[in-house]
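Biologist: I'm new to this one, so could you take me through a close look at the strands and the spots around them? Please start with a loop and work your way into the sheets.

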Amino acid sequence: MTREVIQCYGHENIKATHKSTLEITKEDFLTPRGDCIICIKADKAIRDLSDEFKQALKSGKRIRIRIIVDDLVDEIIASGDGRLTFENDVSMVIRKSTYIDGRTLAVRANKAAKDIDRRIIEKLKNPNQKAVIELIIDDDPAQR
């Protein structure tokens, strides 16, 4: 299993109402227009992920994205893609579509920002609220 852990924080402008994407950013501010962002001040952007992790996603492996806030957990399942470039040094985006740019972490996700447990989103409206994002690639197909 290949795993990355990202620490990030909430913000009073977190809405998480976007229908097709979800974003995690290193930025320390959020405007009300950022309706796909679920947390800010992340300690990693897509460029910061390990080469091993990036290679697994480029080979098309499935990824589980676990959003953990206190005792609440929500999980997204998505896919890697050979077109991923991992070039952005500020954020990462999970998409329901197959669109890819330098911020894309995974495509064909089963959830977007609007689908995340609303109890988690309510907690993330507090700027002092910490969240942990686990990115997990199950290398063993039997684990799926």
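Modeller: R108 is partly exposed, because its relative accessible area is 45%, a value between the 20% and 50% cut-offs. Keep in mind that this is a predicted model. You'll find R108 in the loop between β7 and α2, the helix of residues 118-123. The backbone of R108 has a positive phi of about 50°, even though R108 isn't a glycine. That deserves a second look, because most residues other than glycine have a negative phi.

D70 does something along those lines too: its phi is positive, about 55°, and D70 is not a glycine either. D70 sits in the loop between β4 and β5. That loop belongs to a hairpin, with 2 residues between the strands.

Now follow the hairpin into its sheet. β4 covers residues 62-69 and β5 covers residues 72-79, and the two pair in the antiparallel sense over 8 bridges. Want some landmarks to click on? In this pairing, I63 stands opposite A78 of β5, and R66 stands opposite E75, also in β5. β4 has β8 (residues 130-137) as a partner as well, running antiparallel and joined to β4 by 5 bridges. There, I65 of β4 has L135 of β8 as its bridge partner.

Put together, these strands belong to an open sheet of 4 strands in the order β1-β8-β4-β5, with antiparallel pairing. β1 (2-9) and β5 are at the edges with a single partner strand each, so each has one side without a neighbour in the sheet. On average, neighbouring strands here are turned by 20° against each other, if you ignore direction. As for what holds such an arrangement together, strands of a sheet pair through backbone hydrogen bonds.

There's another open sheet of 4 strands, and its order is β3-β2-β6-β7, this time with mixed pairing. Its edges are β3 (37-39) and β7 (104-106); each has a single partner strand, so one side of each is left with no neighbour in the sheet. From one strand to the next, the twist of this sheet averages 35°. Within it, β2 (residues 21-25) and β6 (residues 91-95) pair in the antiparallel sense over 5 bridges. If you'd like a pair to find by eye, I24 stands opposite M92 in β6.

Stay on β6 for a moment, as R95 is part of that strand. R95 counts as buried because its relative accessibility is 7%, and the cut-off for buried is under 20%. Its charged side chain has polar company, though. The side chain of R95 makes a polar contact with the side chain of D101 at 3.1 Å, and another with the side chain of T104 at 2.9 Å.

One last stop: the pocket. The largest pocket holds about 190 Å³ of space. Its lining has 13 residues, and the closest to the pocket's centre are E23, L30, T31, G34 and I37. By kind, the lining residues divide into 5 nonpolar, 4 polar and 4 charged. How is a space like that found? Rolling a probe the size of a water molecule over the atoms shows where empty space is left.

Notes. Residues are numbered from 1 along each chain as its sequence is written. This is a predicted model: local features need pLDDT of at least 70, side-chain atom pairs count only at pLDDT 80 or more; totals for chains, interfaces and linings use all residues. Side-chain values use heavy atoms; hydrogens and water are left out. Two strands pair if DSSP finds at least two bridges between them. Axes are lines fitted to C-alpha atoms, for helices over the stretch in contact, and angles run from 0 to 180 degrees between N-to-C directions. On a 1 Å grid over the protein atoms alone, a cavity is a set of points where a 1.4 Å probe fits but cannot get out, and a pocket is an open set with protein on both sides within 12 Å along at least five of seven lines; lining residues have an atom within 4 Å of a point. Grid points are joined across faces, edges and corners, and a volume is the space filled by probe spheres set on the points. Ala, Val, Leu, Ile, Met, Phe, Trp, Tyr, Cys and Pro count as nonpolar, Asp, Glu, Lys and Arg as charged, and the others, Gly among them, as polar. Buried means under 20% relative accessible area, exposed over 50%, partly exposed in between (1.4 Å probe, protein chains only). A polar contact is a pair of N or O atoms within 3.5 Å; within protein, one must be able to donate a hydrogen and the other to accept it, and residues adjacent in sequence count only if both atoms are side-chain atoms.
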